[in-house]
Amino acid sequence: MSTARVVRAPRGPDRSARTWGAEGALRMLHNNLDPEVAERPEDLVVYGGSGKAARDWRSFDAIVETLRTMGPEDTLLVQSGKPVGVLRTHDLAPRVLIANSNLVPKWATPEHFRELEALGLTMYGQMTAGSWIYIGTQGILQGTYATFGEVANQHFGGNLAGRWVLTAGLGGMGGAQPLAVTGNGGAALCIEVDPWRARRRLDHGYLDEIADSLDGGLARVQQAASDGRAVSVGVVANAADVFPELVRRGVHPDVVTDQTSAHDALNGYVPNGMTLDEAIELRAAKPNEYLDRSTAAMALHCRAMLDFQAAGSVVFDYGNGLRGQAKDAGVTNAFDYPGFVVAYIRPLFARGAGPFRWACLSGDDADLAATDDAVLAAFPDDDPLQRWVRFAREKVKGQGLPSRICWLGYGERHIAGLAFDDLVARGVLRAPVAIGRDHLDSGSVASPERETEGMRDGSDAIADWPLLNALVNTASGASWVSIHHGGGVGIGKSIHAGLVVVAEGTDLSRRRLELVLTNDPATGVIRHADAGYEIALDTARDVGVRMPLEPATKPPTWQA
Ligand code: NAD
């Protein structure tokens with residue numbers, strides 16, 4: 001039974017733990033469960049359905065008590081959210097080592113996991129939930145921003161100004177699309193079947209307007225694009241009606257994608273040819289009929305996307321499974337347009353770029369402003385980063401401890417980390433900074449249906465890489481390191497690793513930051529170079545990442 005209880009990170013310059021490494025873990029564990037940050041804090045659930053920060057409140061209290069009292073050369077072991085031991089290590093070692101949700105592969109099924117969870121033996125850690133570095137919805141917004149930024153780089157000279165994007169789905173993750181497009185300078189037409197979802201996005205400032213009709217919305221967006229204005233407009237309608245209708249009219253969006261919940265034909269995607277209320281009734285009364293109607297609608301939706309592609313639009317799948325559903329419904333060429341990881345994220349991963357993030361442990365907005373300034377000053381020529389940080393400052397609503405995310409690559413992350421460390425050392429910041437990243441990163445995840453889908457050498461399911469990544473971060477002296485299973489896509493489907501390192505303005509923290517923030521992205525460069533990606537091979541050569549064997553540039557299962 002859960003106890004209703006509210007926790008929030010301690011703030012200010014004074015720590016209750018003996019080291020800032022332990023204090024950082026303590027504050028970030030609390031922050032993950034701050035009601036502003038967590039989905040269901042009373043059940044210790046941070047995000048992603050059931051991703052938890054600690055096994056139960058008893059474990060939470062014991063972790064906090066241990067972090068407060070452990071010595072500067074101690075390391076706490078956490079097994080799926082439960083503190084199980086404190087060992088003597090050394091001052092450069094991590095203060096916490098975490099393993100979440102791991103099962104021996106033959107037993108790694110959702111059913112077996114749930115049995116063990118019911119017995120109180122394990123916990124689902126998701127990615128940053130159980131590794132204490134979740135920072136709220138800014139993460140998904142920035143990831144979506146980075147995707148559209150890479151679309152702009154690859155197709156439109158680095159900017160979406162003067163371009164417009166057609167997409168659908170304004171839900172939990174998809175709702176980040178309009179703001180991510182306008183942040184990159186473009187205009188967006190977003191089709192959403194549920195008026196409440198569209199309204200919510202408008203209220204939260206993620207969407208600029210809701211049009212009364214498709215004609216009105218289309219005209220607004222086309223006009224905005226031709227004026228070079230960044231505007232997002234929602235239209236309440238079904239994508240399976242609107243996308244084919246726009247094809248029939250010969251309308252040419254510059255970019256087409258989709259984030260309806262197509263992965264779930266029954267409880268997610270809404271079939272066309274009926275109102276939303278009728279769909280909800282049909283779902284409950286005749287689920288089989290609903291499924292037939294839903295997959296038929298997805299086939300129409302996907303065909304329209306193929307037609308847009310044939311007519312010259314840039315079209316990509318946003319990881320929602322629409323292509324697979326449509327293929328099952330008879331669209332044999334559904335996979336003619338690419339998935340977003342293969343097309344846009346992998347080139348970033350190949351150069352060791354990924355979602356670098358930090359939280360100011362003081363709780364002061366002024367500290368965040370100083371770190372934002374430091375990042376802007378450190379990378380003056382990185383236009384997407386400059387645009388993003390300025391945009392996020394203005395648009396992102398704070399949740400919990402002041403935090404920021406931006407994508408940085410190999411050779412960049414330690415520069416930012418050392419800049420923050422210097423601000424702490426000089427007393428510009430009121431307290432240290434916790435620096436980490438998502439597990440969805442360059443070298444830290446094996447997830448064949450998402451991050452490692454379609455690897456060039458066929459190594460999608462090889463999970464040695466995230467394990468090596470965690471070992472490297474432990475050896476390099478991160479403040480806490482974690483190895484997880486099942487995050488993002490579910491039990492049985494992924495293995496991934498996380499880290500956080502605290503910039504505390506000391507010689508020791510400088511050493512930790514330099515090693516961790518260099519070696520962590522280096523594992524991503526190595527992983528992608530080993531798989532034969534030219535960008536990674538070039539990066540490794542340019543920056544001198546040592547690889548004892550020259551990787552083959554065309555591995556045996558070469559895919560175009
Ligand atoms: P969600 O369920 O919160 O939102 C989906 C939205 O789509 C809802 O608002 C729903 O009303 C709307 N919708 C459903 N059918 C529609 C239709 N026919 N026409 C118009 N609107 C329709 O889901 P979410 O969290 O926003 O995620 C969306 C999808 O994108 C999921 O399938 C998710 O897995 C996928 N996704 C994947 C990644 C990734 O990393 N692979 C990243 C982002 C999103």
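So, Tyr318: one of its backbone N or O atoms sits 3.5 Å from a nitrogen atom of the ligand. Keep in mind that this is a predicted model. With the ligand in place, the protein covers 87% of the 870 Å² of accessible area that the ligand has on its own.

Staying with the ligand, there are two more backbone contacts to look at. A polar backbone atom of Gly172 is 2.8 Å from an oxygen atom of the ligand. For Gly174, a polar backbone atom is also 2.8 Å from a ligand oxygen.

Which residues come nearest to the ligand? Out of 25 around it, they are Gly172, Met173, Glu192, Gln259 and His263. And if you sort the shell by character, you get 12 polar residues, nine nonpolar and four charged.

Okay, over to helix H14, residues 383–395. Let's begin at its start: a side-chain oxygen of Asp382 gets to within 3.1 Å of the backbone nitrogen of Leu385. Leu385 itself is buried, and so are Gln386, Trp388, Val389, Phe391 and Ala392 in H14.

What covers those buried residues? The cover includes three helices, H4 (138–155), H5 (177–183) and H13 (365–378), plus strand S13 (403–408).

Last thing, a quick check on the length of H14. The helix has 13 residues, and at 1.5 Å a residue that should span 18 Å. The end C-alpha atoms are 18 Å apart, so the expected span and the model agree.

That's my tour: the ligand first, then the helix. Happy to pull up either one on the screen.

Notes: Residues numbered from 1 in each chain as written. Predicted model: local features only at pLDDT ≥ 70, side-chain atom pairs only at ≥ 80, totals over all residues. Heavy atoms only, no water. Near = heavy atom within 4 Å. Polar contact = N/O pair within 3.5 Å; in protein donor to acceptor, adjacent residues only side chain to side chain. Areas by Shrake-Rupley, 256 points an atom, 1.4 Å probe, with all protein chains shown as cover. Nonpolar A, V, L, I, M, F, W, Y, C, P; charged D, E, K, R; others polar. Helix = DSSP H or I, 4+ residues; strand = E, 2+ residues; numbered from the N terminus. Expected span 1.5 Å × (residues − 1). Buried < 20%, exposed > 50% of the residue type's maximum accessible area, 1.4 Å probe, protein only. Contact = heavy atoms within 4.5 Å.
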